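Biologist: Please take a close look at one part of this model for me, and connect it to what lies around it. I would like the terms spelled out as you go.

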Amino acid sequence: MAKQFVKGNEAIVKGAILAGCRAYYGYPITPASEIAHAAALYMPMVGGTFLQAESEIAAINMVYGASGTGIRAMTASSSPGFSLKQEGLSYLAGAELPCVVVDITRGGPGLGNIAPEQADYHQVVKGGGHGNYKNIVLAPNSAQEMCDLTMLAFELSDRYRNPAVVLADGFIGQMMEPVDFPEPVTEFPEKTWAVRGVDRDRMNLVSSIELDPDDLERHNQKLQRKYEIITNNDTRYEEYQLDDAEYVVVGYGIVSRLVHTAINQLRDEGVKVGMLRPITLMPYPSKRLSELAALEQVKAFSVIELSNGQMVDDVRLAVNGTKPVEFYGRMGGNVPSIKELVHEIKRMMRVL
Amino acid sequence: MSVKILGKSKGFYETYERRPGNNQEQTHYCPGCGHGILHKMIAEALVDFDVAENMIFISPVGCSVFAYYYFNAGNIQAAHGRAPAVATGVKRALPESIVISYQGDGDLAAIGGNEILHAANRGEAITVFFVNNAIYGMTGGQMAPTTLIGQKTTTTPYGRTLQNEGYPIKMAEIIASLESPVYVERVMLADVRSKNAARKAVRKGIKNQMEKKGFSFIEVLSTCPTGWKMTAPQSEEWIKTTLAENFPLGVYKDIADQVEPLDLSLNLAPPERVPKLIGLDQDKMDFDTASMKLAADIDQEIKIAGFGGQGVLSLGVWLSEIGMREDLEVSWIPSYGPEMRGGTANCHVKLSRNKIGSPLVTHPTVLVAMNRPSLEKFEADVVEGGAIVWDSALIDVEPQRTDVRNIPVPATRIAKEIGNSRVSNVVLLGVLAGFSDFLDPLVVQRVLPLIFKKKHLLEINLKAFEVGLGLGRELTD
């Protein structure tokens, strides 16, 4: 269809609408506000709902209500706002409601700043709210993927009846790139569980309450089985120059773009280095990392994040002590230069 | 500890199968509790109005969390305080449904104060039942925002004081002070007469929603014999003598007859029309990339910098748009972090035949400097053999580098001569197209009309481009 030069944040909204999303509830926050702006512009054009809610808490609960009726609904925010949505996400996960939440991560903790960080990994990937639940988490690294992975988030979220988060950062949100927008989705899964105010739904209940300990345990076990199925079926990652790699760099989102360039330079210098980029952070490509760790040619892993080192935990769990796992991170919205990355990757290798 | 709702309405399930335990005929409410009575009034009204199957009941947190055991309707259970937000999401998606948001005093007036206030203020076309019994029943008899001064609860063991907790909050009065709500009444469940009045209010609140009149709010002073440590008759008496004295009954607002029904209709576009509606059908221009005069190998990293308002970011976007139509890989990103300090706005553009990794430009192949601070700040970063294109009409110093192409362009002066100083960035675009091997002037000339849709703007910008292009071509001679 149309190829357009757009900002990542706008690609999200167009992708969402193409995916059939017809309700956006949100609260403005930098650097995610452009998503709300675009939703306010386009949702009414397709007969959908855009509402600026009184708070992040209200917004996620409006999404909860909308999703309970079976329609595709979303919200978007940035780190402090995402923290406020955690209560609602726990309820959505508990009630097994689909929804898509976008987090354009900024610097923290507290008010922090509005520069890009990746310090929401823990609060997004590890649940964040209370209870034994997980979000599906997708991490785009281009404007094209802001569209594609938002669309995928709706699909996976519906298929598994589970909240899906698109975890990006201020960089990818602000960056403009050409996006090939796909055709709109025309077929949607039937939602027999939805509450629509018609006779056939009168026994339907959207709820996360299970008073009996055995019932609640069974419910939780069911959720864990679901996460296993998601892991088996929908783990996504990208490999770059890994065939003969002795060193594996792991980075997601904007970092993977920087590492891509750094690897090209390192390869020019004859260093056998490659990258594994997780596209899904939940499910995490642990299996692939274990496989790589088991290869004799692979000497070590280095993880690069715009954080104090959060995803590195998952790499260490996957590698499970079989090979060294080093970490380099920047915080506060500072982004490493390519020169710095090349230097750090080399340093991490020398240390090893 | 359970009470049967006498003469069960068809608005309730036949048996309460979701209720755990053996007793699936009766509710879980304590004897003398007002919830069962109010539930029955709601169920009866829905059946009488023939909308029972259209109801969506939003269960709150508190004793009525289990309302879904009883109402024969779709149920959605909400987090503590959030029922009006959930109801908003439901009603907006299903405007034909009857959405009942039902909350207790802690739920609505404390933790959910924000949600109810704003749902009311937006005039959501829902019906809200607010059960005020001046205490937290389910959690163990703690203070509610509506607990009376002096009233003892498990968290006000010496009685609520003005000094520590302030006055009980009067929600009907607060909601009635807003412009949007159409109907606000406070009723009580005490004697037969007051219950009849309550039934009337319940029916009116639901009728309003059926007629799409807007937001209705019914505050119900209700009994909590367990929480109050009273018998059922004592409780009804206490409502009359004490609670209703502090929370005066009555209609606080009723403009339902004066307002027109809301247009709540949804006009959902069919999927096939969606691309056009969100602007994805434009620009099906075909560009013959084979005939373009471009270098075989392109790997340009361009930094454009100047004051805000000089069209710095726009120039970057246009370069990228042109690059995209030349079938190049392109990226654009505005200045970030530390770069934003010090009087320059800038953007990074990459144009390449290869996939673009980092979108950041630290060592530009081309620096376009539109003011002096930008030139001074970024001159040193330009790669050897790169180019510095700078506005010599605004910048009163020369670049010091001798290992790069020095291209002074009096862009602002030229733009003024053409008739608008704001087109200086397009003059610079023309220069770039003239001397570079990564911009095809023919493509630029076809892209400009996509950017400048108004005829007079297009004309002046095309002119600016032509002049710039001429200057740029001279450089290659």
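Modeller: What follows starts with chain A and its strands, then turns to the contact between the chains and to a helix pair.

This is a predicted model, in which local features need pLDDT of at least 70 and side-chain atom pairs count only at pLDDT 80 or more, while totals for chains, interfaces and linings use all residues. Residues are numbered from 1 along each chain as its sequence is written, and chains are lettered from A and ligands numbered from 1 in the order in which they are written.

Helices (H or I, at least four residues) and strands (E, at least two) are DSSP runs, numbered from the N terminus. Strand 15 of chain A, residues 300-305, is mostly covered, with five of its six residues buried. A residue is buried if 20 or more other C-beta atoms lie within 10 Å of its own, exposed if 12 or fewer, and partly exposed in between, with C-beta atoms placed from the backbone.

Strand 15 of chain A has two parallel partners among the strands described here. Two strands pair if DSSP finds at least two bridges between them. Strand 12 of chain A is joined to strand 15 of chain A by four bridges, and the two run parallel; here Tyr247(A) stands opposite Ala300(A). Strand 16 of chain A (residues 325-329) pairs with strand 15 of chain A over five bridges, also in the parallel sense. In that pairing, Glu305(A) has Gly329(A) as its bridge partner.

The loop between strand 11 (237-240) and strand 12 (247-250) of chain A holds Gln241(A). Gln241(A) is not a glycine, yet its phi is positive, about 55 degrees. Gln241(A) counts as partly exposed, with 17 C-beta neighbours inside 10 Å. Glu96(A), also not a glycine, has a positive phi of about 55 degrees. Glu96(A) is found in the loop between helix 4 (79-94) and strand 5 of chain A, and is partly exposed, with 19 other C-beta atoms within 10 Å.

Two cis peptide bonds can be added for chain A. One joins Thr30(A) and Pro31(A), with omega about 5 degrees, and Pro31(A) sits in the loop between strand 2 (21-26) and helix 2 (33-42) of chain A. The other joins Gly108(A) and Pro109(A), with omega about 0 degrees; Pro109(A) lies in the loop between strand 5 (99-107) and strand 6 (113-116) of chain A.

Pairing also crosses from chain to chain: strand 10 of chain A (residues 205-206) and strand 2 of chain B (residues 74-77) run parallel and are joined by two bridges. Leu205(A) has Asn75(B) as its bridge partner. The contact as a whole takes 70 residues from chain A and 60 residues from chain B, where two residues are in contact if their C-beta atoms, placed from the backbone, lie within 7 Å. On the side of chain A, helix 3 (residues 56-68) gives the most, with nine residues.

In chain B, helix 15 (residues 441-451) and helix 16 (residues 455-476) pack at an angle of about 160 degrees, with their axes 10 Å apart. Axes are lines fitted to C-alpha atoms, for helices over the stretch in contact, and angles run from 0 to 180 degrees between N-to-C directions. The two helices of chain B are therefore roughly antiparallel; angles under 35 degrees count as roughly parallel, over 145 as roughly antiparallel, 65 to 115 as roughly perpendicular and the rest as oblique. Among the residues making this contact are Val444(B) and Leu448(B) of helix 15 and Leu462(B) and Phe465(B) of helix 16.
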